[in-house]
Amino acid sequence: MTVIKAFEMAKSVYESLGVDVEAALAKLKTIPISIHCWQGDDIGGFEVQQNELSGGIDVTGNYPGKATTPKELRADLEMALSLIPGKHRINLHAIYAETDGQHVERNEIKPEHFRNWVEWAKQHGLGLDFNPTVFSHEKAADGLTLAHPDEEIRQFWIEHCIASRRIGEYFGKELGTASLTNIWVPDGYKDVPSDRLTPRERLKRSLDQIFAVEIDETYNIDAVESKLFGIGSESYVVGSHEFYVGYSLTRGKHLLMDTGHYHPTEMVSNKISGMLPFTDKIALHVSRPVRWDSDHVVTFDDELKEIALELVRNDALENIRIGLDFFDASINRVAAWVIGTRNMQKALLYALLTPHKELKEYQEKGQFTDRLMLMEELKSYPFGAIWDYFCQEMQVPRGTAWWQHVQEYERNEMAHR
């Protein structure tokens, strides 16, 4: 059966439910995913003075072919992007600055250190997002940064975050699409603290200092990200979900929710509609936690589909920024990007093909049997045929065919590193 014939048959099945398949595909083409650069080099970066990973972050595995230079990392991203339908964004960390062999402290990074990234993004029609790197540094060695009792250390990280926001602004101006600059800090304690409030008051004051520097939101969008716990902060994290909900709502900033930063039974899909009555300033880092915030490659699982359903059924796609955040060094790193990003897109397509109006009406009228029946039947509808057609129309390989391109790239490029 040809792709087009399978598509036409699947289309008729969905249209029998009142779903506009062509409109769903048109919408999917417009949704950018912010793809994280750090999957390609295990969060190594290009600082002249390299530091070991800290802040509870760990990357496991020793699959060959890791990118070790900016040129290699950008080439790997280009390879991944050629196999992912649509136009997307690239999410950078501050440690990916290019300083021409000169040591530049993080509180002194400037837009010029990311000129090569901007020129590359222009060439490929990509947007750029940004993150200050508030870990893997001697001034973060004890697990405290913006909440540190030492004013000098706090000030260093405040300056770094301000510099990062200016870089985000530079991205927005140069590329014509606002950069999301997201602040996450690892601050916390391994054991039960004797004072939870004071560090949170310091974090609030530090953030207020950072955001006191006015930057046009036309070019840079500020976000803050919470976490439940991490290695070295098992008992207490200063920037908890509750802290950042309060901060984001009172300061008008985006709340970034990472799917791995909550208790195993907490679901970000459920939190989205909990926030939407109060704000549409929401961003996502989609990863896959396994028992804890382990940042596995995103798979097409129930929670991913539920996140996409929440975004689509609540008309939130225009406002909520979708990014990815995982790192796996046990498999081909380019393949990890392709698998994770395509799965995010599959989930969005699945959601766009769902008859939300009918399902909402069933719920409002108390027709819960009808609701359950339809939700379950949709799980076996011919969604895959629509996805294959989308890939073909977007001129990227469908099915498993993309893997052959990655294998060839590994043999010809990655194997020689």
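This is a tutorial dialogue on reading a predicted model of one protein chain.

User: What does the radius of gyration say about the protein chain?

Analyst: The value is compared with what a compact globule of that length would have. For 417 residues the expected figure is near 22 Å, and the protein chain has 22 Å, so the two agree. Along the principal axes, the C-alpha atoms fill a box of roughly 65 × 55 × 40 Å.

User: How many helices and strands does the protein chain have?

Analyst: There are 14 helices and 12 strands. For contacts with a separation of 6 or more, 80% are between residues 24 or more positions apart.

User: How much of the protein chain counts as buried?

Analyst: Buried means under 20% relative accessible area. By that cut-off, 55% of the 417 residues are buried. The accessible surface is about 18400 Å², and carbon and sulfur atoms supply 48% of that area.

User: Where do the centres of the positive and negative side chains lie relative to each other?

Analyst: They lie 2 Å apart, with 45 positive and 64 negative side chains in the two sets.

User: Is strand E2 enclosed or open, and why?

Analyst: Count the buried residues along the strand. In E2, residues 89-93, 5 of the 5 residues are buried, so the strand is largely enclosed by the rest of the structure. Then look at both faces. Arg-89, Asn-91 and His-93 point one way, Ile-90 and Leu-92 point the other way, and all are buried. E2 runs parallel to strand E1, residues 34-36, and 3 bridges join them. Within this pairing, Ser-34 has Arg-89 as its bridge partner.

User: Which strands does E8 pair with?

Analyst: E8 pairs with E6 in the parallel sense over 3 bridges, with His-254 as the bridge partner of Ala-223. E8 also runs parallel to strand E9, residues 282-286, with 4 bridges between them; here Ile-282 is the partner of Leu-255. As for cover, 5 of the 5 residues of E8, residues 254-258, are buried. His-254, Leu-256 and Asp-258 point one way, and Leu-255 and Met-257 the other.

User: Is Asp-222 buried or exposed, and what does Asp-222 touch?

Analyst: Read the relative accessible area, then the list of contacts. Asp-222 lies in strand E6, residues 220-225, and is buried, with a relative accessible area of 4%. Leaving out residues up to four places away in sequence, Asp-222 touches Arg-165, Thr-181, Phe-211, Lys-253 and His-254. Sequence distance and spatial distance are separate readings: Asp-222 and Ile-183 are 39 residues apart in sequence and 7.9 Å apart in space, C-alpha to C-alpha.

Terms used: Residues numbered from 1 in each chain as written. Predicted model: local features only at pLDDT ≥ 70, side-chain atom pairs only at ≥ 80, totals over all residues. Heavy atoms only, no water. Helix = DSSP H or I, 4+ residues; strand = E, 2+ residues; numbered from the N terminus. Rg over C-alpha atoms; globule rule 2.2 N^0.38 Å. Buried < 20%, exposed > 50% of the residue type's maximum accessible area, 1.4 Å probe, protein only. Contact = heavy atoms within 4.5 Å. Areas by Shrake-Rupley, 256 points an atom, 1.4 Å probe, with all protein chains shown as cover. Lys, Arg positive; Asp, Glu negative; His and termini not counted. Charge placed at Lys NZ, Arg CZ, Asp CG, Glu CD. Pairing = 2+ DSSP bridges.
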